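Subject: Structure for your review

Dear colleague,

Please find below the structure that I am handing over to you. I would ask you to look through it first and then to read the notes that follow.

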Amino acid sequence: MPKAWEKLDLQGAGVQSLQIRLQKLQKKSLRSYLYWCLFPVGAHRFYLEQPWAWAFPLASAGVIMLAFLGLIWGAIGLAVVLCAVALRDLSRVSLWISANNKELRKASWFAQQTPAAPPNHQGRVDIGEQLAQWQRELQDYTQAKEGERVGHPATNAPTQKGFAPGQRRLSFAEQERLLAAMTKAPKSVLGQEPADSAKK
């Protein structure tokens, strides 16, 4: 599917518009990893809506404050802990993206609920009006298709079987029997219709 069609928003309430809205709202992998580069301020956790995102800027501020006060080893220790947690987050970014997008899809689909029927609604009422032409054609088509279901005889199906126009087609077993009869019949009568198929 061309990319131009994916961006064409028909402003409807169908699947296509829902997919476009989801594409805009879903978390992107490239953006998530770029935000991870800003882990001292917890940008990746804020973007992926993960808990304890506020702890990253707080820890970064603590590193700066310890370094400013001259407590170098304390600042280095806190910075190492911050980097270790950030590296652990890097291995989990893809899982967070998947989980976030899955929850977003579920929320979007479940929000598309069919509105309830109005109060005192009792369904369609037959008021005896004459059907329009398209309604009659739809009813005829529905009846014809219902008659074509497996196990149901076709509506107005011809009773005579054979290969001529207007006749019902022979089943596979009937065709096998007809071929077997034709191979056993003398060549002089092959041009005639077998009596078995004429009876059917």
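A nonpolar core is a set of buried residues, drawn from Ala, Val, Leu, Ile, Met, Phe, Trp, Tyr and Cys, that are joined through side-chain atoms within 4.5 Å. Buried here means a relative accessible area under 20%. Please bear in mind that the model is a predicted one.

**Nonpolar cores**

The largest nonpolar core consists of six residues: Trp36, Phe39, Phe56, Ala59, Leu82 and Ala86. At least two of these residues come from α5 (55-68), and at least two from α6 (72-111). Within this core, Ala86 is in contact with Trp36, Phe39 and Phe56, when its neighbours within four places in sequence are set aside. There is also a second, separate core of five residues, among them Leu48, Val93, Trp96 and Ile97. As general background, nonpolar side chains in soluble globular proteins tend to be buried together.

**Salt bridges**

How many salt bridges are there by the rule applied? The count is two.

One of them joins the side chains of Arg45 and Asp89, with an N to O distance of 2.8 Å. Arg45 belongs to helix α4 and Asp89 to helix α6, so this salt bridge ties together parts that lie 44 residues apart in sequence. Both Arg45 and Asp89 are buried.

In the other, the side chains of Glu49 and Lys27 meet at 3.5 Å, N to O. This pair also links distant parts of the chain, 22 residues apart: Glu49 is in the loop between α4 (43-47) and α5, while Lys27 is in the loop between α2 (15-25) and α3 (29-36). Are these two partners buried or exposed? Glu49 has a relative accessible area of 58% and is therefore exposed, the cut-off being over 50%. Lys27, at 14% relative accessibility, counts as buried, because the limit for that class is under 20%.

**Backbone angles in the loop between α4 and α5**

Most residues other than glycine have a negative phi. Which phi value does Glu49 have? Although Glu49 is not a glycine, its phi is positive, at about 55°. Trp52 is likewise not a glycine, and its phi is positive at about 60°. Trp52 lies in the loop between α4 and α5, and this loop is also the place of Glu49. At 55% relative accessibility, Trp52 counts as exposed.

With kind regards

Notes:
Residues are numbered from 1 along each chain as its sequence is written. This is a predicted model: local features need pLDDT of at least 70, side-chain atom pairs count only at pLDDT 80 or more; totals for chains, interfaces and linings use all residues. Side-chain values use heavy atoms; hydrogens and water are left out. Buried means under 20% relative accessible area, exposed over 50%, partly exposed in between (1.4 Å probe, protein chains only). Helices (H or I, at least four residues) and strands (E, at least two) are DSSP runs, numbered from the N terminus. Contact means heavy atoms within 4.5 Å. A salt bridge is a side-chain nitrogen of Lys or Arg within 4 Å of a carboxyl oxygen of Asp or Glu.
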